[in-house]
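Here is a short tour of one protein chain, written to be read with the structure open beside it. Let's walk from one sheet to the other and stop at the ligand on the way.

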Amino acid sequence: MDAISSAQIAALDAADPLAAFRARFSLPEGVTYLDGNSLGALPRATADRVRDVIEGEWGEGLIRSWNSADWINAPRRVGAKIARLVGANPHEVIVADSTSVNLHKLIIAALRARPGRHAVLSEPGNFPTDLYMLETAIATLGGAHALTLTPRDEIVSHITEETALVLLTHVHYKTADVHDMAAITAAAQAKGAMVLWDLSHSVGALPLALNACNADLAVGCGYKFLNGGPGAPAFLFVAERHHASLVSPLGGWMGHAQPFAFTDHYEPASGISRFLCGTPSVVGMAALECGVDLHLEADMQEIARKSRALAELFMGLVHMRCAEHDVTLVGPPPGAPRGSHVSFRHPEGYAIMQALIARGVIGDFRAPDIMRFGLTPLYLRYADIVHAVDVLEDVLRTRAWQAPEYRTRQAVT
Ligand SMILES: *Cc1c(COP(=O)(O)O)cnc(C)c1O
């Protein structure tokens, strides 16, 4: 790419149809936040809303708020909103538990729905919890299933009549590679297998069309691009055609057909509510709803378009200014479909990222050598990308990352 002038960058920001959303977030002074794919920033509305839920609904309303503030329906209400972001019907998505627990529920439900089939497919380097939840679900079911990890471009050819389930993360958490949801779903269904999509790095970043892809099952995360706050509740999707045949292995009372009949026998609710387990996290759900509402105000196509533009700018500038310092792009090349983060490899990636963070440019590091930068179109400007690359180039050129304080590993990176 050619050098780009500060006037051109200012023009891009001035013409940005999403520019007004930045003021809807509370962002610290002096920070360029490129980690919204790991923990989304705080929407301004969230603090007031959470204070209302705590002081008004909880403090004043007390237990009456289960009805008067509709706490009891929050999992369905927020689920229906997320459904609009993922291309599902309102009654096919519910908010519950964590992504990991939702994986457990849907893996076991899916494997039990395909008796006689014992092959399970995923890819090596998938997000760790996905692989761990597969291994432990298989152990829970008695160990008769065989998990095979197949490189991403060979997955379709490994799906057979023996395959019960394919579990894939739609956008790869390190590389931002994107799977072809429609093609893989169709290939699996042609052999009678189901696909479970992990949308943790897709929801709120890319337009999704679960039903247009005839998807079976999906899970996703609330605290990344949805800005739901640390440890926000997660969500799950089950296509309506599977509601009657799939049963959660965690038959808690909130998923019962009549939770308040207090009977001695478990009978799953008829719809998506059967995938609830225990009492919903009301405060967490209120915060999540604020983040989801912001995304419903914006146009997902516009978000995706700006995400691509920010990524192309970032990749172009890094290539032009940092390639001589051993920084190489990981994942889709410019022009190719991608998720909403950009990753680069450098043998000293950890120390370089610490030096960036010390200078207010916050991305993250993924072992062994990947520097990852999340691009969140609702609160990033084109000028922020230029600033981040200015700082990165400076850290590389001056070898600032060699300072000893940047080399000590923290527990959470
Ligand atoms: C972030 C993420 C998760 C998170 O799981 P938790 O149960 O919330 O810790 C799961 N899967 C993928 C692909 C993720 O990126």
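In this predicted model, helix α11 (residues 349-358) lies across β14 and β15, and its direction makes an angle of about 40° with β15. Helix α10 (residues 300-322) lies across β11, β12 (341-345) and β15. With respect to β12, helix α10 runs at about 20°.

The strands beneath these helices belong to an open sheet of 4 strands, ordered β11-β12-β15-β14, with antiparallel pairing. Because β11 (328-330) and β14 (364-366) each have a single partner strand, they stand at the edges, and one side of each has no neighbour in the sheet. From one strand to the next, the twist averages 35°. If you would like to look at one pairing in detail, try β14 with β15 (residues 370-374), which is antiparallel and runs over 3 bridges. There you will find Phe 365 opposite Met 371 in β15.

Now for the second sheet. It is open too, with 7 strands in the order β4-β10-β9-β8-β7-β5-β6 and mixed pairing. Its edge strands, β4 (93-96) and β6 (146-149), each pair on one side only. Neighbouring strands here are turned against each other by 20° on average, direction ignored. Strands of any sheet pair through backbone hydrogen bonds, in either a parallel or an antiparallel way. Within this one, β7 and β8 (residues 194-198) pair in the parallel sense over 5 bridges, and Thr 169 stands opposite Asp 198 in β8.

Thr 169 deserves a longer look. Its place is in strand β7 (residues 163-169), and its relative accessibility is 5%, so Thr 169 counts as buried. Beyond its sequence neighbours up to four places away, Thr 169 touches Asn 126, Phe 127, Asp 130, His 179 and Asp 198. With Asn 126 there is also a polar contact between the side chains, at 2.6 Å.

Which residues surround the ligand? They are Ser 98, Thr 99, Ser 100, Phe 127, Thr 129, Asp 130, Thr 169, Asp 198, Ser 200, His 201, Tyr 223 and Lys 224. Three of the side chains come with a polar distance to an oxygen atom of the ligand, listed here.

| Residue | Distance from its polar side-chain atom to a ligand oxygen |
|---|---|
| Ser 100 | 2.6 Å |
| Tyr 223 | 2.7 Å |
| Lys 224 | 2.5 Å |

Lys 224 also carries an annotation: an unreviewed UniProt entry gives it as "modified residue: N6-(pyridoxal phosphate)lysine". Lys 224 sits in the loop between β9 (217-220) and β10 (234-238). Is Lys 224 buried or exposed? At a relative accessibility of 8%, Lys 224 counts as buried. Setting aside neighbours within four places in sequence, Lys 224 is in contact with Gly 36, Asn 37, Ser 38, Gly 40, Ser 200 and His 201.

The unreviewed UniProt entry also has a "binding site" annotation, which lists Thr 99, Ser 100, Phe 127, Pro 128, Thr 129, Asp 130, Thr 169, Asp 198, His 201, Tyr 223, Trp 253 and Thr 279. These positions do not all gather at one spot, because they span 181 residues in sequence and the farthest two C-alpha atoms are 30.5 Å apart.

One of the listed positions, Thr 99, lies in helix α5 (residues 99-112). Thr 99 is buried, with a relative accessible area of 11%. Leaving out neighbours within four places in sequence, its contacts are Asp 198, Ser 200, Val 219, Gly 220, Cys 221 and Ala 234. Asp 198 thus links several parts of this account: it touches Thr 169, is in contact with Thr 99, and is among the residues that surround the ligand.

For a last stop, visit Asp 16, in the loop between α1 (6-14) and β1 (25-26). This residue is buried, at 10% relative accessible area. Which residues does Asp 16 touch, not counting those up to four places away in sequence? They are Lys 306 and Tyr 382. With Lys 306, the side chain of Asp 16 makes a side-chain polar contact of 2.5 Å.

How values were computed
Residues are numbered from 1 along each chain as its sequence is written. This is a predicted model: local features need pLDDT of at least 70, side-chain atom pairs count only at pLDDT 80 or more; totals for chains, interfaces and linings use all residues. Side-chain values use heavy atoms; hydrogens and water are left out. UniProt positions are given in the numbering used here, feature names are shortened, and annotations may be inferred rather than shown by experiment. Helices (H or I, at least four residues) and strands (E, at least two) are DSSP runs, numbered from the N terminus. Buried means under 20% relative accessible area, exposed over 50%, partly exposed in between (1.4 Å probe, protein chains only). Contact means heavy atoms within 4.5 Å. A polar contact is a pair of N or O atoms within 3.5 Å; within protein, one must be able to donate a hydrogen and the other to accept it, and residues adjacent in sequence count only if both atoms are side-chain atoms. Two strands pair if DSSP finds at least two bridges between them. Axes are lines fitted to C-alpha atoms, for helices over the stretch in contact, and angles run from 0 to 180 degrees between N-to-C directions. A residue is near a molecule or strand if one of its heavy atoms lies within 4 Å of it.
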